[in-house]
Amino acid sequence: MELVASNKVVGGWHKRYRHASQTTHCDMTFAIFLPEAVNTGQKVPVLYWLSGLTCTDENFMQKAGAFKVANELGIAIVAPDTSPRGDMVPDDCDKSYDFGLGAGFYVNATQAPFDKHYQMYDYVAEELPGIIESYFPVTEQRAVSGHSMGGHGALTLGLKNSERYSSISAFSPIVHPTNCPWGIKALSGYLGTDKSQWQTHDAVLLMQNNQYTKAIPMLVSQGSSDNFLDEQLQPWHLQKAASEQDYPLQFTMHDGYDHSYYFIASFIEQHLAFHAKYF
């Protein structure tokens with residue numbers, strides 16, 4: 001791995017690394033925050049943060065204001081990129097923001113030309129944790145969180161791999177991608193037009209069909225003034241599914257908040273404390 005940047009912050013360290021990925025067949029970049037507890041030889045649990053459309057590993061780390069509380073709680077944070085990148089990696093032919101580079105949707109693509117590189121599900125679920133647990137002073141305790149497209153990724157990865165995570169949280173997630181324009185475009189482009197192949201990447205359907213090993217605690221925060229609320233996010237579908245399955249979902253609608261990192265920065269401490277309870 002190549003160390004790209006290193007910054008001391010609140011007593012801990014924020015570092016960025018580039019490495020050759022065996023999963024996406026290109027160089028990938030991720031960021032990690034290590035709390036000061038690791039300076040004394042202590043191993044710490046990890047929160048994996050999955051970002052939304054157009055983001056890289058840098059957005060959350062620079063804008064969320066999570067380091068102080070993560071340091072106090074003794075939690076490492078890992079933020080991968082949102083897609084493979086590089087000159088050889090195909091992009092959307094129209095260069096749109098909601099498909100292709102910066103918009104991997106945390107699935108394993110099966111459709112050419114995206115199937116070679118866009119294996120983001122396996123990268124986040126398998127390869128990246130293997131790297132983190134091999135090279136850094138962390139335990140095997142994991143939680144997963146994310147925003148928007150990354151909220152979709154956190155919910156689906158957490159549900160489908162519930163034995164690997166202690167808790168799940170999300171800000172403004174795409175909960176029902178088989179039923180919204182962002183999701184339909186991405187799932188058809190990466191997985192093809194057979195909608196039966198989409199279902200295991202839809203948190204609402206996973207929950208409705210009881211497709212998880214165990215029900216682990218889940219926290220979802222949504223802003224009432226989010227301009228994507230009705231068309232793209234549709235959190236009421238997740239609330240209904242959780243109610244029907246008696247799933248331990250804590251859902252909060254926050255009055256007046258939008259889809260931005262101002263919303264995440266306002267409540268990230270609550271999410272970190274939520275995950276800390278289950279480590």
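Helices and strands here are DSSP runs, numbered from the N terminus. With that naming, H259 sits in the loop between β9 (249–254) and α9. The model is a predicted one. Let us start from the sheet and work back to that loop.

Strands of a sheet pair through backbone hydrogen bonds, either parallel or antiparallel. In this structure nine strands form an open sheet, and the pairing is mixed. Read across the sheet, the order is β1-β2-β3-β5-β4-β6-β7-β8-β9. Two strands pair on one side only: these edge strands are β1 (2–9) and β9. From one strand to the next, the twist averages 20°.

Now pick out one pair. Strand β4 (residues 44–50) and strand β5 (residues 76–80) run in the parallel sense, joined over three bridges. Within this pair, Y48 stands opposite V78 of β5.

Helices lie across the strands. Helix α4 (residues 149–160) crosses β4, β6 (138–147), β7 (168–171) and β8 (218–223). Its direction is at about 135° to β6. Helix α9 lies across β4, β5, β6, β7, β8 and β9. Relative to β7, α9 runs at about 175°.

Look at α9 itself. It covers residues 261–278, which is 18 residues. From first C-alpha to last, α9 reaches 25 Å, close to the 26 Å expected at 1.5 Å a residue. The helix also bends, by about 50° at F267. At the start of α9, a side-chain oxygen of S260 comes to within 3.2 Å of the backbone nitrogen of Y262.

Which residues of α9 are buried? They are Y261, F263, I264, F267, I268, H271, L272, F274 and H275. A general rule helps in reading such a list. An α-helix has 3.6 residues a turn, so residues three or four places apart point the same way. Try the rule on I264, F267, I268, H271, L272 and H275, which are among the buried residues.

Now return to the loop before α9, and to H259. Is H259 buried or exposed? Buried means under 20% relative accessible area. H259 has 12% relative accessibility, so it counts as buried.

What does the side chain of H259 touch? One polar contact goes to the side chain of S148, at 2.9 Å. Another goes to the side chain of D226, at 2.6 Å. Leaving aside neighbours within four places in sequence, H259 is in contact with H147, S148, S172, D226, N227, F228 and L233. Of these, H147 belongs to β6 (138–147).

Definitions and conventions. Residues are numbered from 1 along each chain as its sequence is written. This is a predicted model: local features need pLDDT of at least 70, side-chain atom pairs count only at pLDDT 80 or more; totals for chains, interfaces and linings use all residues. Side-chain values use heavy atoms; hydrogens and water are left out. Helices (H or I, at least four residues) and strands (E, at least two) are DSSP runs, numbered from the N terminus. The expected span of a helix is 1.5 Å times one less than its number of residues. The bend at a residue is the angle between axes fitted to the seven residues ending there and the seven starting there. Buried means under 20% relative accessible area, exposed over 50%, partly exposed in between (1.4 Å probe, protein chains only). A polar contact is a pair of N or O atoms within 3.5 Å; within protein, one must be able to donate a hydrogen and the other to accept it, and residues adjacent in sequence count only if both atoms are side-chain atoms. Contact means heavy atoms within 4.5 Å. Two strands pair if DSSP finds at least two bridges between them. Axes are lines fitted to C-alpha atoms, for helices over the stretch in contact, and angles run from 0 to 180 degrees between N-to-C directions.
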